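Please take me on a tour of this structure. I have it open in a viewer and would like to know what to select next, and what is there.

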Amino acid sequence: MNVTAIDAFEHIKGGINNQCKDVYFVRAVGTGPAYIRDIRKMDETLDGSQSSGRGYYRRLGGLPKLQDMADTAYYAECHAKWLQGGKREAVTRVTEGNAELAKLLGNACASVEGICMGADMGMTDSIRKNFMVKLFFWYDSVFDRENFVWDGRKSIKIVAENIGKKQEYLFFYLLTLTGCDVLLLQSRTDIGAEEEKLGLSAKFVLGDYSDLVIPPYVRAAGTGNHNGAVKERKPGTGTEPGAGSGAGTETGTLTGAQAAAAEGSQIPSGPVVVAIPPRRPGSRAHSAASTAVLDGTARNGHGRINAAPVNADVEKSFEELARLASSVVMIAIHDGKGDVIGTGSGIMVGREGYILTNNHVASGGKYYSVRIEDDERVYDTDEVIKYNYVLDLAVIRIQRKLVPLPVYQGKKELVRGQKVVAIGSPLGLFNSVSDGIISGFRKIDNVDMIQFTAPTSHGSSGGAVLNMQGEVIGISTAGYDSGQNINLAVGYECINTFIRGFT
């Protein structure tokens, strides 16, 4: 049966034949004249079904972030056990004690993983593991484990708003594989062409896209559920798992924050000076910042368009190298309340939103906001794709096409006295460019480092250190307070190994 309206989804129920249940995965695209009224009516009707024990219903403003380290460890262990068991069962807090549901979830996760691998979505082993961990966490967030009693014969309906990110979209498909009917309210935007090509859901168009705000779902008082309803959630308490404002954000397995905390976060307009605890004895780790544009072309300060940087043997002028600041980003680090607690830089290394920074920058926050040169939008993310605390490297990701900087491939050995240019935001001074030379090569905590003289200060960590051909030879990592222009960078050899698969 085709679903062509919100009220049709509200009332439809799939049949069960030979232990196979019909489920529906549909998208309502755009809005219509009775849009909010239809949503409220659906809430009321499905609340009533839940209170009478005939089904289960959730409407989500967004997916929660995996921010608690204990939860991270727990779901990583769930993933490990899923692998050890041949991907046949996924035991989480919700599925524990229910062998049938654990088997359904295990098979569903294997199916979604297969889709990712078959569609060549560019997922490395690390990215795929992080994604699967999030799937387990998200699944538990949708259902109230204390009250929810899974019954495949009853109606389970899940509604979510404005899902555009690939991983979130695949999660809602996973829900259908465990017996849920899913409706995505795509009032502002729809899924991308890559997700559409997978053919996992059907859509019906209600009208044009709109900035209309969908009112949050608040369960009516007294609507208990014999099948296990979530408890009443009062507005603003955040007690409903997964509640949040907006469509949610792709998340990493290390950091995150409630979507509401990200709403309205701003980068301070003036310089930001942040004292970061020392990373190593005798050295200080800088906070850093810089900028870039992400639309496939780089623009200089005069509005001219520069081609994406390319490897070349020709030495560039300082003016040409300064334009490469468009591929260095400024990162503001936020705590769980949304307050800015530091700044840092990052280097664009992959077109699909991948940004290299220091681990001491990425590990210090709950989420991050990224600023791009010549782009007024601020990109919030809490997705930490990969990290290495020994090398002090991390990769975060934003939802935007990028213009990566080329990383040096080692055609010639670096030498002392070689000219370099550093790009970062010392003391919050956005897009500062300085020049210097390589003054030495050091081993710090068993990590090979480049010592250079281009001036840096607090606010430079994660910035690019370039050769005169415009290639990244290092990422600014630390400096010594007791010395003048004694700065350190992790070298290109470590960077190339670390970012393999992202470029």
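The tour goes from a sheet to the helices beside it, then to single residues.

**Stop 1: the sheet**

Keep in mind that this is a predicted model. Start by selecting the open sheet of seven strands. Read across it in the order 15-14-11-12-13-17-16. The pairing is antiparallel. Now find the borders: the edge strands are strand 15 (375-381) and strand 16 (384-388). Each of these pairs on one side only. Turn the view and follow the twist, which averages 30° from one strand to the next.

**Stop 2: strand 11**

Select residues 328-334, which form strand 11. Is this strand buried or exposed? Seven of its seven residues are buried, so strand 11 is largely enclosed by the rest of the structure. In a regular strand, side chains alternate between the two faces of the sheet. Color the two sides of strand 11 separately. One side carries Val-328, Met-330, Ala-332 and His-334. The other carries Val-329, Ile-331 and Ile-333. Both faces are covered.

**Stop 3: the neighbors of strand 11**

Add strand 12 (residues 340-350), which pairs with strand 11 in the antiparallel sense over seven bridges. Look for Val-328, which stands opposite Ile-347 in strand 12. The two strands form a hairpin, with five residues between them. Click on Gly-338 in the turn: its phi is positive, about 95°.

Now go to strand 14, which pairs with strand 11 in the antiparallel sense over five bridges. Here Ile-333 stands opposite Tyr-368 in strand 14. Stay on Tyr-368 and look toward strand 15, where its bridge partner is Thr-381. Strand 14 (residues 367-372) and strand 15 also pair in the antiparallel sense, over five bridges.

**Stop 4: helix 5**

Select residues 125-142 to show helix 5, which packs on the sheet. Helix 5 touches strand 13 (354-357) and strand 16. Its direction makes about 120° with that of strand 16. How far apart are the end C-alpha atoms of helix 5? They are 26 Å apart, which agrees with the 26 Å that its 18 residues should span at 1.5 Å a residue. Helix 5 is mostly covered, with 15 of its 18 residues buried.

**Stop 5: helix 4 against helix 5**

Two packed helices are described by the angle between their axes and the distance between the axes. Add helix 4 (residues 99-118), which packs with helix 5 at an angle of about 145°. The axes are 11 Å apart. Helix 4 passes helix 5 in a right-handed crossing.

Show the side chains in the contact. From helix 4, pick Leu-101, Leu-105, Cys-109, Val-112, Glu-113, Cys-116 and Met-117. From helix 5, pick Arg-128, Phe-131, Met-132, Leu-135, Phe-136 and Tyr-139. By class, this contact has eleven nonpolar, no polar and two charged residues.

**Stop 6: Leu-356 and Ala-464**

Return to strand 13 and select Leu-356. At 1% relative accessibility, Leu-356 counts as buried. Which residues does Leu-356 touch, leaving out those up to four places away in sequence? Among them are Ile-347, Val-349, Ala-394, Ile-475 and Phe-498. Check the distance to Ala-394: the C-alpha atoms are separated by 5.9 Å, though the two residues are 38 residues apart along the chain.

Next, select Ala-464 in strand 21 (residues 464-466). At 0% relative accessibility, Ala-464 counts as buried. Its contacts beyond four places in sequence include Val-328, Ile-347, Leu-405 and Val-421. Ala-464 and Thr-357 are 107 residues apart in sequence and 9.4 Å apart in space, C-alpha to C-alpha.

**Stop 7: two loop residues**

Finish with two residues in loops. Asn-162 lies between strand 5 (155-161) and helix 6 (166-177). It is not a glycine, yet its phi is positive, about 50°. At 11% relative accessibility, Asn-162 counts as buried.

Then select Asp-392, in the loop between strand 16 and strand 17 (393-397). Asp-392 is not a glycine either, and its phi is positive, about 60°. At 1% relative accessibility, Asp-392 counts as buried.

Technical notes:
Residues are numbered from 1 along each chain as its sequence is written. This is a predicted model: local features need pLDDT of at least 70, side-chain atom pairs count only at pLDDT 80 or more; totals for chains, interfaces and linings use all residues. Side-chain values use heavy atoms; hydrogens and water are left out. Two strands pair if DSSP finds at least two bridges between them. Helices (H or I, at least four residues) and strands (E, at least two) are DSSP runs, numbered from the N terminus. Axes are lines fitted to C-alpha atoms, for helices over the stretch in contact, and angles run from 0 to 180 degrees between N-to-C directions. Contact means heavy atoms within 4.5 Å. The expected span of a helix is 1.5 Å times one less than its number of residues. Buried means under 20% relative accessible area, exposed over 50%, partly exposed in between (1.4 Å probe, protein chains only). A crossing is left-handed if the near helix is turned anticlockwise from the far one by less than a right angle, and right-handed if clockwise. Ala, Val, Leu, Ile, Met, Phe, Trp, Tyr, Cys and Pro count as nonpolar, Asp, Glu, Lys and Arg as charged, and the others, Gly among them, as polar.
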